[in-house]
Structures are given as structure tokens and as C-alpha cells.
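Reader: I am new to reading models of this kind, and I would like a close look at one part, the surroundings of a bound ligand. Could you take me through it slowly?

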Amino acid sequence: MKNIDAKTHVSGTSVYLDDIPLIQGTLYGAALGSPVAHGVLHQLQLEEALREPDVIRIFTAADIPGDNQIGGIIKDEPLLASDHVHFCGMPIAFVVARTREAARAAVKKIKADITPLPVITDPREAQAQNQLIMPPRTFSQGDTEQAWRECAHVFAGAVDINGQEHLYIETQGAYVVPQENNSLRVYSSTQGPTAVQRTVSTTLGQPMHRIEVVVTRLGGGFGGKEDQANTWAALCALAAWHLGKPVKYALHRMEDMAMTGKRHPYMADYKIGLDSSLNIIAYEVTFFQNAGAAADLSPGVLSRTLFHCTNSYYIPNVHATAWSCRTHLPPNTAFRGFGGPQGMFVIEAAIAHAARVLQIDAAVIQQKNLIKTGDEFPYGQIAQSEAGACWQKAATLYDATGWKQAVDAFNATHRLQKKGLAFMPVCFGISFTNTMMNHARSLVHVYTDGSVCISTGAVEMGQGVNTKILQVAAQIFSIRADRVKLNPTNTINIANTSPSAASATADLNGKATLMACNAILERLKEVAATALDTKADAVTIVNEQVLVNREPTGWDWQQLVSAAFTKRVSLSEHAHYATPEIHFDTVKEKGHPFAYHVYGTAILEVTVDCLRGIYKMDAVKVVHDFGSSMNPDIDRGQIEGGIVQGIGWMTMEEVIFDKEGRLRSNALSTYKVPDIYAVPEEIVIDALRSTADNLAIFRSKAVGEPPLMYGIGAWFALRNAILQFNPEADIPFITPMTPEKVLMALYSNKEKGIIQQHEATTSHLGIDQ
Ligand code: MTE
Ligand code: HPA
Ligand code: MOS
């Protein structure tokens, strides 16, 4: 089935926040972000800004009637700064004017009197100064201290992983419209309608039932709108509440880039030990998460880093500690993979380090240590593993041996162009790491004409969840897809939702929908059985026809629905689904946190131009564990998008904050994201159809986040290409691997540092000019 949004997307008629027709009298907001990263806020001079034409009012912390608090997990983040500022871009004041231009112009006229304080941007420095979001967490298995003695090889090193700007095409924003009875309707570009509802309710000091949040769809979220849509909704709500007028604020791209948090940068120290047969016996790792100035979702992200610190490998002795470090950057937040990718990069770096010194292919170590069914993850869950199956199939299907030979042959015959190959296995756990969040609801109405509408807490952000939920209803009822419609997500229809995140949206909301549809179906079968004088379990509906003992009855879906209505049988159902089996003990740090794992293996090839340092992605070939995909087209789109986004993070997207905590890469001219030219020339995706039962909807495993991590392989493929040119190259484990870094590495030496290009291309590499 095609994505139900395909036609409106292509014709430009899909509705996003900015497409909502505005009510007459709508006012426009704009936020003043702190110009300094850390300081004491003395006072704001608003007079000049207020004299700007069309300015209505300027709101500050003093105007907040409820709690000036938007922290979701830890209450450490004010909506508007009152006495201190903690990051550049932290909202200080909210201007409301008759036009957007006037609001923005007035923002520039506000003077904030701030005494600067010392700024920390480095997580190791924050940790050394005990600037922590929460106490550190440690996952362990076996006994690393004991295990080092059994190791034939031990390697230690450091890793520095940069962040990533979400760059959803639709920027953050909200539109708040006052309703009767002191209520507000909030249109928000959010992944978490309930989070927005709760934040507006807290800051206004009003009960949640007065706040209705409506989301039709997002122009992308990628985690950036799981928690950080709340701010803009709360600011618009604050103004709408005081003024009794509709208020809208959609951020300018540069405001969005400067004011919102990103993927967490991490630093890490690792130590890996292997026995003489290349089994990884022990692994110790310490993560320093750069949380930014407030907790936001950092504690959750930190836990996923620990859950995925051994990626697809079984390691009997593991000791992993993670520190969430408070710095003066905008609070970093969820981003596709939610801390998992950072954990995986570090183990891949450790393996690459070992392989280089041992002068073998990293793939040998990777393959040897893949986790098997029955092995235990460091957090206690027993693996039901497809890691080996994916690897084997990829190696065979894509002829890894022949491929490597072709790359070697190319490298032997090319002086200034070198190819690199890398394998990237992925293992990603599906479920919110916080067990409590794994539940969802669905409300299904069948109308008397046989058409069906569905409301769930799922937010459509391009990932195709609405199509999948529609498929669930059409399949359970066995009716035409065009009889089913998905409603905009609305907190009045569906309450207390978890955000659409953790790749679990289709599983959770799809299963709730399945339950609701089944409940209605059972009632309809009873109606048919009574009317046709048979038993309910003899009745089935197939392609809109009502069958008894598989024989046509002459009744169709529409007649059945009408009959049920006449008999005063309910044609509506609200169902609740909570993932069974999962649990986790955060004291012991053991349990069974994930409904299941998604596995896969990618093989990546790159070609480096060794004069210029530029490179291209030749191919990414994947075997991905789909379970049994309910929509292969959508899933393929998710994999392609994830791969490109992952490659962008690893190679070209470079978030740069200066020492004063100001974002330097604050526009698309200074922050480079993959465009069509950066997309691998070839992306091949093959499905591992695993038959094992799982808790996914229709056994169709979650696909939203896992493929991003295939992109990590691009970094290691580039490293391998550089080593082909210069076996002595100094290639620190720092991301992203921009062309500048590739160039420096090509002409570097582990002992001597950077060497001259001339020297490198002649004497050092023994190349005859
Ligand atoms: N795909 C598109 N097109 N747009 C998005 O914003 N977000 C990703 C992924 N794929 C995203 C996307 C992230 S971070 C997650 S968690 C999942 O989709 C969320 O949707 P799902 O739970 O339905 O997979
Ligand atoms: N993944 C993504 N988002 C989340 C999670 C998670 O595990 N937990 C809370 N928000
Ligand atoms: Mo995705 S990072 O769980 O929104």
C-alpha cells in the first residue's frame, strides 16, 4: 500500500502548522534568546522595543501565572530566564505584535543587562567540576578486572563524537487559539502532544483538561520535537492566555538552529581486551555526555547509550559508566537513535583500533564476536539474535570476498584515489527504555455508512505511521483501505500519550488499534450470527463480504454495520495496549527492557580523493531484519533516509560552538547536510525475513531509528581508505570525518603529526613522481 500522504505531499497540499488558516486578529510572537551562554540576568530594558509600531506586549518570567518550569524528567529548566541565563539562545522574553516582522524587529530592540559568568562547553571539564545532571550510571556484566589477565591484547583510547542538528524541514512552532471556559486549543509541531499539554498546563497553572493539543503532521521531528516543541507552545499559550487572542510563533531557521538542542556530543574512554583467538573478553568504557544546560531527555538518552554500548556483540565482561555532564550549550535532546549511536560508535572505534594494531580486518573481529541467541546483554536481557544471520547473508549476497578483492585491485592500481570498505552491524532495542512509557490508546468509530475513523496518540512525521495504522484497521475488518481515515492527533480524543518516538509508534498505537478493531468486529459477528442464525465463530468478513463457514451470505460490510446500528450495538471502541513482558530494575541495572531487538548488517564502500581529501559514498548494501514488513515501501524509505542521515552525522555535519558557547554553524551556509550528491550512488536493501515470533505489530519490526546506525560504517570506511594511502596516518576517533579532517589525516603521521603533502606523495609513500 502506498503512503496515504503521498499525493498531498507531492501536490503540496498536505497541512503543516504554517498551512493552518489563521483566525482574524491573530498575533505573532518572537522570542529573545540570551546573547550570552552563562550569566546573571539583572534587568531587561523593554521601553524601546515597546515603542516599535504594532507591538502589543512583551512577556517575561514575571508574567507566568503557573510554574516557570518546563523540565520533563528533572525540574531544572525555566520557560523564561528570570535571574540567570544558562545557554545562548535561552528564551528571556516573548514579544507579541500585530505582524511577524514587527515582533522580530522589537526583539532586536530589547536590552538585556547580563553579567557574564564562566562558560563550560566541554563535558569532561563539566564532569571534573562536578557539574552533573544526575549521578553516573554503570552497567556491568562479568568481571573486567579479572578478565584483563586473560587477554592477549589490550587497547585503550579516547573518542570525541560531535552532535547533530535535526534540521527537520518544518521548524519548531505553535499556534494557540483561546476557546470558551478558559480553555486553549494548541496547534503544535510536536512529537509529544501530551508533553505540550502538560507543559502549557504547568506554566499557566491550569488543569490539563483546559488544554487541547492538535497535531496533523510534522515536517519531520527526528527526536527534536519529542520534548523541545513544548517551549514555543508554552510561550504562545502564555500570550494567548493574557491577551485572549490567538498567537502564533513559527521559528525562523536560524532561531531554530541557535535556540534548540541537538544530538548529544559525547566524549569517551575505552579499553578493550581480546584473547589470542580474537574473542573480545573485556570492555570498559566511560561516557561523558554533553547534556547542555538542562536535563531535557538526557537521562533517557544516557541510558540508551549504556544499553547499546556493546552494539551487536557479545562480550562476557563489561563495565560501562556514563556521566551526564551539565555544560552551557542549549539542552541536547532526542535524535534518531537516542544515544544508542554514540554508544555504538565507541565500540566500533575500539574494534578498529585493535584491528589496526593487529594488522587484520576489523570485520574479522566484528564477525567473530556477534551476539548469538541465548547470550546475555550487559543489562540482563537474553538475545534472540539475528546478528549472525544478517552478517552471513550480507557477506554472501553482496559477495564480500569478491568485493574486497575488487577494492584491493583498485587501490593497487590507483595512486591518488583510494577505496575503503567497512562492515557495520547494528542491534537496536525496541521499547522506550523507560518501561512506564510503553503503552498507547486507540479510538475507533465505525459510522453507519461503513466508513471508519481512527484516533490514536501517534504523530505522523513522515515515517508513515498513519498508513500503517490504517492498514491495521483495513486488515482486521477486511475492508477497502479508502473506507478508513486517520484523524489528526488530538489530546481530547486520546489522552495521556507517550511521544511518538523510540521507533515504537506503530507497534504501540497499531496494537491498540488492532485491539479496538477486534472488539468491534466481535460485536459485529454476534449481530451477524443472530441475524443469520449461526454461531459468532462461524462468521468471518473477507473482502467486505460476510461469510458463514466460509460461504457467502449475501451480506456485506455495510449491511452488517447498519444491522448492528439498528440493534443498538456500539460501533465504537477505545482500547489500551501496554507492551507485555518488559521490565527493568534501575537499582540492579538488569532486566528485560526491550520488546525485541532489530538487527542488520551494512557493507559500505567509499572512494577518497587523496589530493583534495574529498570523497564519495560509492555503495551501502544492507541486509536488514524486518521481521515481516507490513509496508516494504515505507520501510525502505525509512532505511534510505536513516542511512543518509547517519552518513551526514558521521561525515559532513559539523556542529561548532565557540568557547563562549555561541553556535558558529548557525545556518545552512555553515552547517552542511547531505544533499542528493552526498547520497550513496548505490543503496541496496535486502530483507532478512525472520520468522521468530515477536511483539511487533503484525510481526513487522520497528524501522524508524535502527538504519541510521548503518551510517556509522561510513566513518570507518573512510578511515580504511586513508590507511590505504598512508598506513602511518594519524586518525583520531573524532567525528565527523569532514573532507578537511580526511585531508589532514592523509598527510599525517602517528609519530610526526602533520607532514608535507610533497613529502607524503613522494618519499614517505615511496611513490615515484
Ligand atoms: N522519518 C521521517 N520521515 N521523519 C522523522 O521525523 N523520525 C525518526 C524516525 N523516522 C522521523 C522518521 C525517529 S527519531 C523516530 S523515533 C521514528 O521515526 C518515530 O516514528 P516510529 O515510532 O513510527 O518509527
Ligand atoms: N527512545 C526515544 N525516546 C524516548 C525514549 C527512548 O527510549 N525514552 C523516552 N523518550
Ligand atoms: Mo526518536 S529520537 O525516538 O524521536
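Author: In this predicted model, a polar side-chain atom of Arg-304 lies 3.1 Å from an oxygen atom of ligand 2, which is a polar contact in the sense of a pair of N or O atoms within 3.5 Å. Glu-226 also takes part through its side chain, where an N or O atom is 2.5 Å from a nitrogen atom of ligand 2, whereas Thr-433 uses a polar backbone atom, placed 3.0 Å from an oxygen atom of the ligand. These three belong to the residues around ligand 2, which also include Phe-338, Ser-431, Phe-432, Met-437, Ala-501 and Ala-502, and a residue is listed there if one of its heavy atoms lies within 4 Å of the ligand.

Ligand 1 can be read in the same careful way. It has 16 residues around it, and those that come nearest are Gly-221, Phe-222, Met-461, Thr-505 and Gln-638. A backbone N or O atom of Gly-221 lies 2.7 Å from an oxygen atom of ligand 1, while a polar backbone atom of Met-461 is 2.8 Å from a nitrogen atom of that ligand. Ala-504 likewise offers a backbone N or O atom, at 3.2 Å from an oxygen atom of ligand 1.

As for conventions, residues are numbered from 1 along each chain as its sequence is written, with chains lettered from A and ligands numbered from 1 in the order in which they are written. Local features need pLDDT of at least 70 and side-chain atom pairs count only at pLDDT 80 or more, while totals for chains, interfaces and linings use all residues, and side-chain values use heavy atoms, with hydrogens and water left out.

Terms used. Polar contact = N/O pair within 3.5 Å; in protein donor to acceptor, adjacent residues only side chain to side chain.
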